[in-house]
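Reader: I have a structure open and would like to talk it through with you. Shall we start with one of the helices and go on from there?

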Amino acid sequence: MDAIKGLMDFIDRAPTAFHAVAQIAGVLEDAGYERLEETEPWRIIPGGRYFFTRNRSSLIALRIPAEGFTPFQIVASHGDSPCFKLKPNADRVSQGLAALNVEKYGGMLMATWLDRPLSVAGRLVVKGEKGLETRLVNVERELALIPNVPIHFNRNANDGVALNAQVDMLPIVGMEGADVMAAVAECAGVGKAQIAGADLFLYNRDPARRFGVNGEFIAAPRLDDLACAYASLRALLAAKPSKHIDVMCVFDNEEVGSGSKQGAGSTLLIDALRRVALALGAGSQALEAALAGSFMVSADNAHAAHPGHPEKYDEQNRVFMNRGVVVKSNANQKYTSDGLSAAVFEGICEGAGVPTQRFSNRSDIAGGSTLGNIVSASASMNAVDIGLAQLAMHSACETMGAEDVGHMIRALAAFHEAEIRVTGDGSVAL
């Protein structure tokens, strides 16, 4: 129950990736993790615990064993979700109404954003006495709404209508003359003239809720992938000390391809691992040897079987909410799992009493992709893709099983506690 409530509170306080990372950083500091700065040399000692952020929207935490430099066991997730981002010139006026000029961020179900209470959150770049400063902002009230066209003027609406992001997804914020940026500035405690730049997003104001006859489900925005980010944090803090370097990554920009300085396609992870090796005095080729003996879990949610459309799923490889952690595989390497990595992870879960299930798409339906293979392009190691079964992925409100929160935390804690030993011939001992 504590984990379920904790996840819902975490989501409610994380309208953007910036806010998710700020929350995680605060929890880590309270737990005794030392904040590192990328712009300064790192002093790392055996037995130490550390974290750093990049762009304030990605985070990596490190737990160093008493043995010093060893292979890594890594859990990677992401903190961003599909939404609408405000354009630089965000003010629009239409039919006497003040509106926002927005564009899609990621692949979303646009129709689910209609007629919902929305607000604005993100990061401001503010002119300060010593130059430019960044501040997080969240207008914590109902500020905007994207209205539907009434059925009387759109008789085919229930037959499926193509939505145009520029025309149909127009958030209204007040009568003509309403000043959104002034409201944002006031919320941040600065004058509007001080704002030099911004990364602002619309977010769904609906809070996370439990539903079902027995409260079996959680309905919330941003379950993909804040559920895994939250579980990875709880697992790292719960896991007993190990003989390997434990790593937790929460990347930004997964929903738009990960190709940013703070995304999984950047040098973010390999930069961190290299700096750890140097700070611990590891010799030549030590990092390469450690990577070859390392293991990564890519944690990003999976598609639960839809009750109205079972034909969309492979009959032998469909998964269900509240039935455990999902191990995902794909022949075209959209997921990084292979027979060995899946067997290792499933064995760890079995030992911890955590149920698992296997997912693969229908052969004639292309699925999504995730972090695993993107990270492996720069930091090659054994890796498995996992997630939690959910409905309505990329909707403004998604659904998952309440029991699965605990399943994921226990699975990832057991992964951190396991001693995975990879040998030169590709075998793995536990």
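**Helices, cores and charged pairs**

Author: Happy to, and please keep in mind that this is a predicted model. Let us begin with the cover over helix H7: around its buried residues are strand S14 (295-299), strand S16 (325-328), strand S17 (356-359), strand S18 (382-387) and strand S22 (428-429), along with helix H9 (403-417), among others.

Reader: Which residues of H7 are buried?

Author: The elements that cover them include strand S17 and helix H9. The buried residues of H7 are Ser341, Ala342, Val344, Phe345, Glu346, Ile348 and Cys349.

Reader: How far apart are the end C-alpha atoms of H7?

Author: H7 runs over residues 339-352, which is 14 residues. At 1.5 Å a residue the expected span is 20 Å, and the model agrees with this, because the end C-alpha atoms are apart by 20 Å.

Reader: What happens at the two ends of H7, and which residue with a positive phi follows the helix?

Author: At the start, a side-chain oxygen of Asp338 comes to within 3.2 Å of the backbone nitrogen of Leu340. After the helix, a positive phi near 75 degrees belongs to Gly353.

Reader: Glu346 is in that buried list. Which residue does Glu346 meet in a salt bridge?

Author: Glu346 has a relative accessible area of 13%, so it counts as buried, the cut-off being under 20%. Its partner is exposed, with a relative accessible area of 54%. Glu346 lies in helix H7 and the partner in strand S17, so the pair ties together parts that are 12 residues apart in sequence. The N to O distance is 2.7 Å, and the partner is Arg358.

Reader: How many salt bridges are there in the whole structure?

Author: Arg135 and Glu133 form one of them, with their closest N and O atoms 3.7 Å apart. Asp364 and Arg362 form another, at 2.8 Å from N to O. Salt bridges that share partners also join Glu38, Arg54, Asp271 and Arg274 into one network. A search of the whole structure finds a total of 14.

Reader: Arg222 is buried yet has no salt bridge. Which side chain of opposite charge is nearest?

Author: Arg222 sits in the loop between strand S12 (217-220) and helix H4 (223-238). A polar atom of its side chain lies 2.9 Å from the backbone oxygen of Ala14. A salt bridge needs the atoms within 4 Å, and the nearest side chain of opposite charge is 5.4 Å away: Asp12.

Reader: Turning to the nonpolar cores, which element gives the most residues to the largest one?

Author: The largest nonpolar core has 59 residues, and Leu28, Ile218 and Ile386 have the most contacts inside it. The element that gives the most to this core, with 10 residues, is H4.

Reader: And how many residues are in the other core that lies apart from it?

Author: Among the members of this other core are Leu143, Val180, Ile195 and Leu200. Its residue count is 35.

Reader: Is Met181 buried or exposed?

Author: Met181 lies in helix H3 (residues 180-188). Beyond four places in sequence, Met181 touches Lys192, Ile195 and Leu200. Its relative accessibility is 16%, so with the cut-off at under 20% Met181 counts as buried.

Reader: What is the relative accessible area of Tyr50?

Author: Tyr50 lies in strand S2. Its contacts beyond four places in sequence include Tyr33, Leu36, Ile60 and Leu62, and a polar atom of its side chain is 3.0 Å from the backbone nitrogen of Ile45. Tyr50 is buried, with a relative accessible area of 3%.

Reader: Strand S2 also helps to cover H5. What distance separates the end C-alpha atoms of H5?

Author: In H5, the buried residues are Leu268, Leu269, Ile270, Ala272, Leu273, Val276 and Ala277. Their cover includes strand S2 (49-54), strand S13 (245-251) and helix H6 (286-292). The helix has 12 residues, 268-279, and at 1.5 Å a residue they should span 16 Å. The model agrees with that, the end C-alpha atoms being separated by 17 Å.

Definitions and conventions:
Residues are numbered from 1 along each chain as its sequence is written. This is a predicted model: local features need pLDDT of at least 70, side-chain atom pairs count only at pLDDT 80 or more; totals for chains, interfaces and linings use all residues. Side-chain values use heavy atoms; hydrogens and water are left out. Helices (H or I, at least four residues) and strands (E, at least two) are DSSP runs, numbered from the N terminus. The expected span of a helix is 1.5 Å times one less than its number of residues. Buried means under 20% relative accessible area, exposed over 50%, partly exposed in between (1.4 Å probe, protein chains only). Contact means heavy atoms within 4.5 Å. A polar contact is a pair of N or O atoms within 3.5 Å; within protein, one must be able to donate a hydrogen and the other to accept it, and residues adjacent in sequence count only if both atoms are side-chain atoms. Lys and Arg count as positive and Asp and Glu as negative; His and the chain ends are not counted. A nonpolar core is a set of buried Ala, Val, Leu, Ile, Met, Phe, Trp, Tyr and Cys residues joined through side-chain atoms within 4.5 Å.
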